[in-house]
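Please read the following report on the backbone architecture alongside the sequence and the coordinates. The sheets come first, and individual backbone features come after them.

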Amino acid sequence: MCARGSEVWQRRGDGDAERIPDMNRLPARVGIVLLALVLVACAPDASNAARIAVELADDSITLDPGEVGAGRVVFDTLNVSTGLVHEIEVFEGGSAGAILPVDNTVADTNGLRLIDEVEDVVPGASASLAMDVRPGTYLIICNLPGHYTSGMWAYLTVGDN
Ligand SMILES: [Cu+2]
């Protein structure tokens, strides 16, 4: 997928040598255009991802929708707090609705697998997090001290499509 740029170079190399200009003498802007093609080809494909609106409030995390099919998802996270920094951590392997034990004001996530996270989402800020999800239950929490016990958690159900 990311080889599109090099295919372009190769195709030129395979052609008639007399007709093909020396790559070293090509204007720099041709190189820039080719680099742009490579960057586009390598960008994460979020075009057909399921988008999940995630609202981080001081006492809750709300997912909309709370159920998606397996595949690519993008968490579009917004911190609606007026005063607190929050984070979003996505774990795989939970049981829907389960309450985790709490140790020293943070949730004990032992036994769950952290897929990805975004830290330090300041009040009013948004952050996007893309990942591939498999059928099962995912736990989304903010695990800054005291925030889990304040209610900052939600479960995402991933179906078989
Ligand atoms: Cu928080």
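What follows describes two sheets and then three residues.

The coordinates are those of a predicted model, in which local features need pLDDT of at least 70 and side-chain atom pairs count only at pLDDT 80 or more, while totals for chains, interfaces and linings use all residues. Residues are numbered from 1 along each chain as its sequence is written.

Strands, like helices, are DSSP runs numbered from the N terminus (E, at least two residues, for strands; H or I, at least four residues, for helices). Two strands count as paired if DSSP finds at least two bridges between them.

One open sheet is formed by 5 strands in the order β3-β11-β10-β5-β8, and its pairing is mixed. Its edges are taken by β3 (67–69) and β8 (113–121), each of which pairs on one side only. On average, neighbouring strands of this sheet are turned by 20° against each other, with direction ignored; the axes behind such angles are lines fitted to C-alpha atoms (for helices over the stretch in contact), and angles run from 0 to 180 degrees between N-to-C directions. Within this sheet, β5 (residues 86–92) runs antiparallel to β10 (residues 136–141), and 4 bridges join the two; Glu-89 stands opposite Ile-141 in β10.

An open sheet of 4 strands has the order β2-β1-β4-β9, again with mixed pairing. Because β2 (60–64) and β9 (126–133) stand at the edges with a single partner strand each, one side of each is left without a neighbour in the sheet. From one strand to the next, the twist averages 20°. Strand β4 (residues 71–79) pairs with β9 in the antiparallel sense over 8 bridges, and the bridge partner of Val-73 in β9 is Met-131.

Turning to the local backbone, the peptide bond from Asp-64 to Pro-65 is cis, with omega near 5°, and Pro-65 is found in the loop between β2 and β3.

Two non-glycine residues with positive phi are set out below, and their exposure is given by the number of other C-beta atoms within 10 Å of a residue's own, placed from the backbone (buried at 20 or more, exposed at 12 or fewer, partly exposed in between).

| Residue | Phi | Location | Other C-beta atoms within 10 Å |
|---|---|---|---|
| Asn-104 | about 55° | loop between β6 (102–103) and β7 (106–107) | 6, exposed |
| Asp-120 | about 55° | strand β8 | 11, exposed |

Asp-120 thus lies in strand β8, which is one of the edge strands, whereas Asn-104 is found in a loop.
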